[in-house]
Amino acid sequence: MRRVLVVEDEKSIREMIALNLRMSGWEVLEAESAEQGLDLLNKQGPCEAAVLDVMLPGMNGFSLCETIRRDNQDIGIIILSAKSMEEDKIRGLSIGADDYMSKPFSVSELLARIEALCRRVGRGKPAAQEEDEARLVSGAFVLDRKSRVLYKNGKSIDLTQVEFQIMELFFHNPGTALVREKILQGVWGENYFGDVKIVDVNIRRLRMKVEDAPSSPQHILTVWGYGYRWNS
Ligand code: CA
């Protein structure tokens, strides 16, 4: 059964999320603090997805997200925040969250986003007929679709699922300017409700990982007023 961790100290919200997830066929690990959430992950093993509230007693949701992401690049993480502050959103995404929702939120939209995240994770596993395409090569870079790892000059670079899929899109379209909306659609799916800023945040994070000097990128180039272009 697919498993999701829900960390939220407000009991009514946590129970509402958990109830809806269980009705959709998820096994739910519920925690009222970050510490309890980490404990559950340690004891029960990994989850496919995590829903993390920002405002928690003790360790907050941002630190929790960072801690989970440090050991697990595969898990889909959605941050919940009472604030709709743009900087909060950017911060959440830049420390490894895949998506972000502001309170109050619709539970059905949260469910849809968790499903979308996990479809992306599942989609990444190459089917038998794609075996020959398991490794995508672009200049000094190799994208190993089996292990979901990017190599630069033979050195491995860990990517989140979202970062990996952006790289897949780049590798399939080398030298082509990709409009941000196309990246959003290609990676987050046709029915994604979020805005294109999420693309910029992930690109910033990717540059930190793949560029020698992230402030003057040589590989992930900005196409002003349009989007991004991959240059191996
Ligand atoms: Ca809270």
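1. A quick definition before anything else: a contact here means heavy atoms within 4.5 Å. Keep in mind, too, that this is a predicted model.

2. Let's start with L5, which sits in strand β1. Going by that contact definition, and leaving aside residues up to four places away in sequence, L5 touches L29, G37, L40, L41, C47, A49, A50, V51 and I68. L5 has a relative accessibility of 0%, so it counts as buried. If you want a distance to check on screen, take L5 and E48: they are 43 residues apart along the chain, and their C-alpha atoms are separated by 8.4 Å.

3. Now the metal. The calcium ion has four protein donors listed by atom: E8 (OE), D9 (OD), D53 (OD) and M55 (O). These donors lie 2.1 to 3.1 Å from the ion. Along the chain, their spacing reads E-D-x43-D-x1-M.

4. What does the D9 and M55 pair do for the layout? D9 is in the loop between β1 (3–7) and α1 (11–23), while M55 is in the loop between β3 (49–53) and α3 (61–71), so the pair ties together parts that are 46 residues apart in sequence. As for cover from the protein, D9 is partly exposed at a relative accessible area of 32%. M55 counts as exposed, with a value of 51%, because the cut-off for exposed is over 50%.

5. Stepping back to the whole chain, the secondary structure adds up to eight helices and twelve strands. The radius of gyration is 18 Å, close to the 17 Å that the globule rule gives for 232 residues, so the chain is as compact as a globular protein of that length. Measured off along the principal axes, the C-alpha atoms fill a box of roughly 50 × 40 × 30 Å.

6. How much of the chain is buried? Of the 232 residues, 53% count as buried. On the contact side, take those with a separation of 6 or more: residues 24 or more positions apart account for 55% of them.

7. Last, the surface and the charges. The chain exposes about 11100 Å², and carbon and sulfur atoms supply 50% of that area. There are 31 positive and 35 negative charges in the chain, and the mean positions of the two sets are 3 Å apart.

Notes:
Residues numbered from 1 in each chain as written. Predicted model: local features only at pLDDT ≥ 70, side-chain atom pairs only at ≥ 80, totals over all residues. Heavy atoms only, no water. Helix = DSSP H or I, 4+ residues; strand = E, 2+ residues; numbered from the N terminus. Rg over C-alpha atoms; globule rule 2.2 N^0.38 Å. Buried < 20%, exposed > 50% of the residue type's maximum accessible area, 1.4 Å probe, protein only. Areas by Shrake-Rupley, 256 points an atom, 1.4 Å probe, with all protein chains shown as cover. Lys, Arg positive; Asp, Glu negative; His and termini not counted. Charge placed at Lys NZ, Arg CZ, Asp CG, Glu CD. Donors = N, O, S within 2.8 Å, 3.2 Å for Na, K, Ca; no water.
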